[in-house]
Amino acid sequence: MKENGAKTRWNFKENDKLLAGSGVSIRVVRNTLMQSVDPSDTRPVIPLSHGDPSSFSCFRTTPVAEDAIFDSVRSAKFNGYSSSVGILSARRAVAEHLSQDLPYKLSPDDVYLTIGCTQAIEIILNVLARPNANILLPRPGFPYYEARAAYNHLEMRHFNLLPEKKWEVDLNAVESLADENTVAMVIINPGNPCGNVYTYQHLKEVAEMARKLGILVIADEVYDHLTFGSKPFVPMGIFGSIAPVITLGSISKRWIVPGWRLGWLVTNDPNGILKEYGVIDSIMGYLNLISDPATLIQGAIPMILQKTKDDFFSKIVNILRQAADICYDKIKDIPCITCPSKPEGSMSVMVKLHLNLLEDIEDDLDFCVKLAKEESLIILPGVTVGLKNWLRITFACELSTLEDGLKRLTAFCQRHAKKKNKLLLEGTFSLHFWEVSDSTQELKM
């Protein structure tokens, strides 16, 4: 723009931190893949890339939750502002709900309500960020942690999850990565994106390592109790007396309502260490700067948590169990893809892509772009969750849709198989032996 022949100088510009943080986000990559779909393909697009089961008719929340929202609105008790920590009745309900699995009782003062689990992540990473601080994150993991850490100039150090040990934490790596500036480590259980479930003993070892290093554990348990294998869900908060635990959760996945955006940040700290070191005051200070969840959702929480029947949860878990079985069994018949272990929880699984058996495929992102274009099938490339040349497949969908999607995946791999490997795709050969490369963190034949 010019005024009187002179160019106007504007003093604003883009925020580099936001541009950098969105580059490999799940949403950005998924949008890219959706744009790659061939518009002339008359088949429906199959999305095996996201964790929103509410998109499918077999997954619907309980009528108890729907009635709770209705009652909350009609009561006219929840039309005003909430306190920054959340409405007391809702916080008390969350404390009682989570205490059922713990050896001690949580207080409402231990609970801070958030706009979904993502805001809980935002809060705790902002609270922990300080000059020279670093945080230990799992690889693969949930990329929002990396995005928030980068935005807050919180140094990230990644420890591997071990596929040959059902994605257990590499505790030796955790110890070697930590120093006097390490503030916390993140544990996701049940695992996103791997579909793993940690045992009591392994979580205890994690807590003991955290105590040894003088750090707290951030336990992301948004998929709590969505388990369908041999191992039950064990909350990290059980070990709060060993090391302080910040539990992050929500109603999004278990109640199939991700759009309702109601989550929580909970302190599991019977010894009062977080209060002593100022973390509680910092949480309160940050909450005073941000928005809180919609009050109508907060008002509904007591009824949602207290009145939902076990048969609703059993139905959801049974569907996920069947879907996990189908996904694992079908993947075994695709030699260019291997699955280290059968998923036992959450809604997704990580599988290794063997590029040496394929032609015209450069990497996992190229694989997924061409898959979207040729088969109208959306699968997430592993690079978005920290493992290049892996794939994350979400199986929380209609079983018939999942089977159709896996058929399309098989057809795509057959079409792109190297000629000398065609027999592999007829089931005459299978892959059994793997090793983890320290330099690439990739599963090899």
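Which residues is Arg157 in contact with, leaving aside its neighbours within four places in sequence? The first legend gives the list. The views below are drawn from a predicted model.

**View 1. Arg157 and its surroundings in strand β6.** Arg157 sits in strand β6, which covers residues 155-162. Apart from neighbours within four places in sequence, Arg157 is in contact with Asn134, Ile135, Leu136, Leu137, Leu177, Ala178, Asp179 and Thr182. Within β6, the side chain of Arg157 also makes a polar contact of 2.9 Å with the side chain of Glu155. This pair is a salt bridge, N to O. Glu155 has a relative accessibility of 36% and therefore counts as partly exposed.

**View 2. Salt bridges elsewhere in the model.** Side chains of opposite charge can pair when their charged atoms come close. The whole structure holds 16 salt bridges. One of them joins the side chains of Asp281 and Lys275, at 3.3 Å from N to O. Asp281 is partly exposed, because its relative accessibility is 48%. Another salt bridge, at 3.7 Å from N to O, links Asp329 with Lys332. The two ends of this bridge fall in separate classes: Asp329, at 39% relative accessibility, is partly exposed, whereas Lys332, with a relative accessible area of 52%, is exposed. Salt bridges also link Asp41, Arg43, Glu374, Glu375 and Arg415 in a network.

**View 3. Lys253 in the loop between β10 and β11.** The UniProt record, an unreviewed entry, places the feature "modified residue: N6-(pyridoxal phosphate)lysine" at Lys253. Lys253 lies in the loop that runs between β10 (245-250) and β11 (263-268). Is Lys253 buried or exposed? Its relative accessible area is 13%, so Lys253 is buried. Not counting residues up to four places away in sequence, Lys253 touches Gly51, Val222, Tyr223, Leu226 and Met347. In the case of Gly51, the backbone oxygen lies 2.5 Å from a polar atom of the Lys253 side chain. The same UniProt entry type, unreviewed, gives residues 44-409 the annotation "domain: Aminotransferase class I/classII large". That span is 38% helix and 18% strand, and its end C-alpha atoms lie 14 Å apart.

**View 4. Helix α4 and the elements it packs against.** Helix α4 is made of 12 residues, 88-99. At 1.5 Å a residue the helix should span 16 Å, and its end C-alpha atoms are 16 Å apart, so the two values agree. The buried residues of α4 are Ala90, Arg91, Ala93, Val94, Ala95, His97, Leu98 and Ser99. These buried residues pack against β4 (111-114), β11 and α11 (295-307).

**View 5. The eight-stranded sheet and its edges.** Strands of a sheet pair through backbone hydrogen bonds, either parallel or antiparallel. Here eight strands form an open sheet of mixed pairing, in the order β4-β11-β10-β9-β8-β5-β6-β7. Strands β4 and β7 (168-169) each have a single partner strand, so they stand at the edges and one side of each is left without a neighbour in the sheet. At the β4 edge, β4 and β11 run antiparallel and are joined by four bridges. Which residue of β11 is the bridge partner of Leu113? The partner is Trp264.

Notes. Residues are numbered from 1 along each chain as its sequence is written. This is a predicted model: local features need pLDDT of at least 70, side-chain atom pairs count only at pLDDT 80 or more; totals for chains, interfaces and linings use all residues. Side-chain values use heavy atoms; hydrogens and water are left out. Helices (H or I, at least four residues) and strands (E, at least two) are DSSP runs, numbered from the N terminus. A polar contact is a pair of N or O atoms within 3.5 Å; within protein, one must be able to donate a hydrogen and the other to accept it, and residues adjacent in sequence count only if both atoms are side-chain atoms. Contact means heavy atoms within 4.5 Å. UniProt positions are given in the numbering used here, feature names are shortened, and annotations may be inferred rather than shown by experiment. A salt bridge is a side-chain nitrogen of Lys or Arg within 4 Å of a carboxyl oxygen of Asp or Glu. Buried means under 20% relative accessible area, exposed over 50%, partly exposed in between (1.4 Å probe, protein chains only). The expected span of a helix is 1.5 Å times one less than its number of residues. Two strands pair if DSSP finds at least two bridges between them.
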